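User: Hi! I am new to reading protein structures, and I would like to learn how such labels are justified. Could we go through one together?

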Amino acid sequence: PECESLIATLHAEIPDGDQAVVQRTAHTLKGSANLFYAKKVFDAASVVERLAKDQDPVAADQLLVLDQEVESMMRALKNFLEITTE
């Protein structure tokens, strides 16, 4: 659920919110993704983080990519947990 909370924060702050909050949130999400070797989430979060840091607007399609990659990562983690706990 931390990932879900982070994504909700990004949705609340993009496009007209606080860029510092967007940057910190994307950075935290990037760190979480790195723990699970989720390169696609890491890469998508890196783009959002960089744009926020540079004060560039984060486009809806960039957030959509991050949403999709986080969803895919969460699905994979849930599947892994189901397999390893049986």
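User: What makes K30 and E49 a salt bridge?

Analyst: Happy to help! A salt bridge is a side-chain nitrogen of Lys or Arg within 4 Å of a carboxyl oxygen of Asp or Glu. The closest N and O atoms of K30 and E49 are 2.6 Å apart, so the pair fits the rule. Since K30 lies in helix α2 and E49 in helix α3, the pair ties together parts that are 19 residues apart in sequence. In general, side chains of opposite charge can pair when their charged atoms come close.

One word on the background: this is a predicted model, where local features need pLDDT of at least 70 and side-chain atom pairs count only at pLDDT 80 or more, while totals for chains, interfaces and linings use all residues. Residues are numbered from 1 along each chain as its sequence is written, and side-chain values use heavy atoms, with hydrogens and water left out.

User: How many salt bridges are there by this rule?

Analyst: The count comes to three. Besides K30 with E49, D43 pairs with K39 at 2.9 Å, N to O, and R75 pairs with E71 at 3.3 Å. D43 and K39 are four residues apart in helix α3, which means that about one helical turn separates them. R75 and E71 are also four residues apart, about one turn, and both lie in helix α4 (residues 60–84).

User: Why is Q19 called buried?

Analyst: Buried means under 20% relative accessible area, exposed over 50%, and partly exposed in between (1.4 Å probe, protein chains only). Q19 has 13% relative accessibility, so it counts as buried. A44, at 9%, is buried as well, and so are K30 and E49.

User: Then what makes D43 partly exposed, and K39 exposed?

Analyst: D43 has 33% relative accessibility, so it counts as partly exposed. K39 has 55%, and therefore counts as exposed. R75, with 46%, is partly exposed.

User: Which residues does Q19 touch?

Analyst: Contact means heavy atoms within 4.5 Å. Leaving out residues up to four places away in sequence, Q19 touches L51, A52, Q55, D56 and P57. Under the same kind of count, A44 touches V65 and L66.

User: How do you know that the side chain of Q19 makes a polar contact with D56?

Analyst: A polar contact is a pair of N or O atoms within 3.5 Å; within protein, one must be able to donate a hydrogen and the other to accept it, and residues adjacent in sequence count only if both atoms are side-chain atoms. The side chain of Q19 reaches the backbone oxygen of D56 at 3.0 Å, so the distance is inside the limit.

User: How many helices and strands does the chain have?

Analyst: There are four helices and zero strands. Helices (H or I, at least four residues) and strands (E, at least two) are DSSP runs, numbered from the N terminus. Q19 sits in helix α2 (residues 19–35), and A44 in helix α3 (residues 39–53).

User: How do you know that the radius of gyration agrees with a compact globule?

Analyst: The radius is taken over C-alpha atoms, and the globule rule is 2.2 Å times the number of residues to the power 0.38. For 86 residues a compact globule would come near 12 Å, and the chain has 13 Å, so the two agree. The C-alpha trace spans about 45 × 20 × 20 Å along its principal axes.
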